[in-house]
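This report describes selected features of one protein model: a helix and its packing, a nonpolar core, a pocket, and several backbone details. The sequence and the structure are shown first.

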Amino acid sequence: MIKNDLFDYEPYKIYQDDSYFKFSLDSILLAEYVDKKLINKKIIDLCSGNAAIPLILNYYGFKNISALELQKPIYELGVASLKENNIKNG
């Protein structure tokens with residue numbers, strides 16, 4: 001497990017593992033595409049991986065985000081990323 005910067009979203013950090021898929025530009029673009037007017041709506045991120053999209057959305061003030069990841073080792077990376085950034089894991 002390696003802790004990295006979350007691109008330009010300072011001071012956010014994200015945990016990744018070279019053995020698994022890491023977030024990419026696609027994750028950043030998808031998160032950036034979400035309309036900021038929806039900030040108070042419920043959002044679900046399916047196949048969330050290490051939670052890059054929920055982290056980026058949280059950076060912009062979204063708070064009602066659910067993330068689902070079925071692969072336990074990748075889920076654990078996401079949980080570690082949320083804890084690292086003091087984001088409630090409900």
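A residue is called buried under 20% relative accessible area, exposed over 50%, and partly exposed in between, with a 1.4 Å probe and protein chains only. The model is predicted: local features need pLDDT of at least 70, side-chain atom pairs count only at pLDDT 80 or more, and totals for chains, interfaces and linings use all residues. Residues are numbered from 1 along each chain as its sequence is written, and side-chain values use heavy atoms, with hydrogens and water left out.

**Accessibility of selected residues**

Helices (H or I, at least four residues) and strands (E, at least two) are DSSP runs, numbered from the N terminus.

| Residue | Place | Relative accessible area |
|---|---|---|
| Tyrosine 33 | helix H1 | 73%, exposed |
| Cysteine 47 | loop between E3 and H2 | 68%, exposed |
| Alanine 51 | loop between E3 and H2 | 4%, buried |
| Leucine 77 | helix H3 (residues 72-84) | 4%, buried |

**Helix H1**

Helix H1 spans residues 25-33, and its buried residues are Ser27, Ile28 and Ala31. Viewed down the axis of H1, these buried residues fall within an arc of 100 degrees, so they line one face of the helix; the arc is that of the directions from the helix axis to the C-beta atoms. The face turned away from the buried side carries the exposed residues Leu25, Asp26 and Tyr33. The buried residues of H1 pack against helix H2 (52-59), where contact means heavy atoms within 4.5 Å. Tyrosine 33 and isoleucine 56 are 23 residues apart in sequence, and their C-alpha atoms are 11 Å apart in space.

**The nonpolar core**

A nonpolar core is a set of buried Ala, Val, Leu, Ile, Met, Phe, Trp, Tyr and Cys residues joined through side-chain atoms within 4.5 Å. The largest such core has 16 residues, and those with the most contacts inside it are Leu6, Ile14, Phe23, Leu55, Ile56 and Leu57. H1 and H2 each supply at least two residues of this core, and H2 gives the most, with five residues. Leaving aside neighbours within four places in sequence, leucine 55 is in contact with Leu6, Tyr12, Lys13, Ile14, Asn50, Ser81, Leu82, Asn85 and Ile87.

Leucine 77, in helix H3, touches Met1, Tyr15, Gln16, Asp17 and Asn50, not counting residues up to four places away in sequence. The C-alpha atoms of leucine 77 and glycine 49 are separated by 7.8 Å, although the two residues are 28 residues apart along the chain.

**The second largest pocket**

The second largest pocket has a volume of about 180 Å³. Of the 14 residues that line this pocket, the closest to its centre are Phe21, Ser27, Cys47, Ser48 and Gly49. Strand E3 (43-46) and H2 are the elements that give two or more residues to the lining. On a 1 Å grid over the protein atoms alone, a pocket is an open set of points where a 1.4 Å probe fits, with protein on both sides within 12 Å along at least five of seven lines; lining residues have an atom within 4 Å of a point. Grid points are joined across faces, edges and corners, and a volume is the space filled by probe spheres set on the points.

**Backbone details**

Most residues other than glycine have a negative phi, and most peptide bonds are trans. Cysteine 47 has a positive phi, near 55 degrees, and alanine 51 has a positive phi of about 75 degrees. A cis peptide bond, with omega about 5 degrees, joins glutamate 10 and proline 11. Proline 11 lies in the loop between strand E1 (2-5) and strand E2 (13-16).
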